[in-house]
Amino acid sequence: AQEFERSRIVKFTPPDACRLELMRFKTQYSGQDLPFSVKAAVVVQGAYVELQAFINMSSAALIPARSPSVKHCENVMIRFPVPAQWIKALWTMNLQKQKSLKAKMNRRTCLGSLHEIESDPVIQVSIGTAKYESAYRAVVWKIDRLPDKNSSSDHPHSLSYKLELGSDQEVPSDWYPFATVQFVTHEACASGTEVKSLGVESDVQPQKHVLQKAFYSCQVEIEKKWIRLDGEDPEKAGSCLMQ
């Protein structure tokens with residue numbers, strides 16, 4: 001600390017043969033365009049509920065892949081919280097063992113497409129993998145890389161899961177869900193902090209071993225929608241009494 005106050009240089013002795021993290025700090029979002037946007041909605045229709053989520057790459061990210069300045073996102077993870085009443089609907093019985101319901105790949109899924117409501121719970125994604133993870137109490141959608149190498153940069157990606165709720169699994173009236181979006185972008189620095197030089201005793205060009213990346217974490221509100229059935233008043237749906 002005294003050396004930094006005197007010369008404004010950070011000096012430290014790292015442990016041998018170990019990956020290390022020197023410092024971690026939070027920074028405010030500067031208002032620049034994020035590489036992609038996420039929109040999510042929970043649609044309730046009678047006893048059925050469906051979560052729909054869509055990913056769209058931003059215009060800043062739609063640079064031809066051959067351009068050396070293009071930046072891609074890695075380790076994308078989006079968590080959609082699940083009310084406690086719905087958890088048992090996201091598990092399936094297989095060989096007398098309970099297993100978390102995993103996603104089925106559906107590359108034909110696109111933005112704004114209509115689906116028939118199914119009685120069996122199904123998770124569908126157009127890219128990556130998704131399943132319910134009890135550690136987060138959420139459906140977790142994981143994508144290795146965006147934009148995807150196997151599809152065009154402006155192609156939207158989607159996730160949907162459908163559940164048939166029982167009489168004790170209605171949508172909680174006090175449930176205001178937010179999806180948590182996390183991803184890593186290489187060659188980026190969200191805080192604006194920059195390492196201008198690096199020196200070690202055993203290497204004359206240590207800069208070639210330095211990787212610069214930014215970790216983003218943000219929240220997106222999940223919109224709640226009710227599709228009214230004949231004779232149903234969504235404002236009074238939570239006031240039913242059990243007989």
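**Exercise 1.** Where is the place of valine 10? Then work out how its exposure class follows from its relative accessibility.

*Solution.* Keep in mind that this is a predicted model. Step one: look between α1 (2-7) and β1 (36-45), as valine 10 is in the loop there. Step two: take its relative accessibility, 44%. Buried needs under 20% and exposed needs over 50%, so at 44% valine 10 counts as partly exposed. Step three: check the surroundings. Val10 helps make a nonpolar surface patch of about 650 Å², together with Phe4, Phe12, Leu20, Leu22, Met23 and Phe25.

**Exercise 2.** Classify the aromatic pairs and trace what they link.

*Solution.* There are 2 of them to sort out. Start with phenylalanine 36 and phenylalanine 183: the centres are 4.9 Å apart and the planes make 50 degrees, which is a tilted pair. Phenylalanine 36 sits in strand β1 and phenylalanine 183 in strand β11 (residues 178-186), so this pair ties together parts 147 residues apart in sequence. Next, phenylalanine 183 and tyrosine 216: again 4.9 Å centre to centre, but with 10 degrees between the planes, so under the 30 degrees cut-off and stacked. Here strand β11 is linked to strand β12 (residues 213-226), with the two residues 33 apart. Put together, ring pairs join Phe36, Phe183 and Tyr216 into a cluster.

**Exercise 3.** Is phenylalanine 183 buried or exposed, and how does Phe36 fit into the core?

*Solution.* With 1% relative accessibility, phenylalanine 183 counts as buried; phenylalanine 36 is buried too. Now the core: the largest nonpolar one has 39 residues, and Phe36 is among those with the most contacts inside it. Beyond its sequence neighbours within four places, phenylalanine 36 touches residues including Ile55, Met57, Val76 and Leu146.

Technical notes. Residues are numbered from 1 along each chain as its sequence is written. This is a predicted model: local features need pLDDT of at least 70, side-chain atom pairs count only at pLDDT 80 or more; totals for chains, interfaces and linings use all residues. Side-chain values use heavy atoms; hydrogens and water are left out. Patches are made of residues with over 30% relative accessible area and no salt bridge: like charges are joined within 9 Å, nonpolar side chains (Val, Leu, Ile, Met, Phe, Trp, Tyr) within 5 Å. Accessible areas come from the Shrake-Rupley method with a 1.4 Å probe; for residues, only the protein chains shown count as cover. A salt bridge is a side-chain nitrogen of Lys or Arg within 4 Å of a carboxyl oxygen of Asp or Glu. Helices (H or I, at least four residues) and strands (E, at least two) are DSSP runs, numbered from the N terminus. Buried means under 20% relative accessible area, exposed over 50%, partly exposed in between (1.4 Å probe, protein chains only). A nonpolar core is a set of buried Ala, Val, Leu, Ile, Met, Phe, Trp, Tyr and Cys residues joined through side-chain atoms within 4.5 Å. Contact means heavy atoms within 4.5 Å. Rings of Phe, Tyr and Trp (its six-membered ring) pair if their centres lie within 6.5 Å; planes under 30 degrees apart count as stacked, over 60 as edge-to-face and the rest as tilted.
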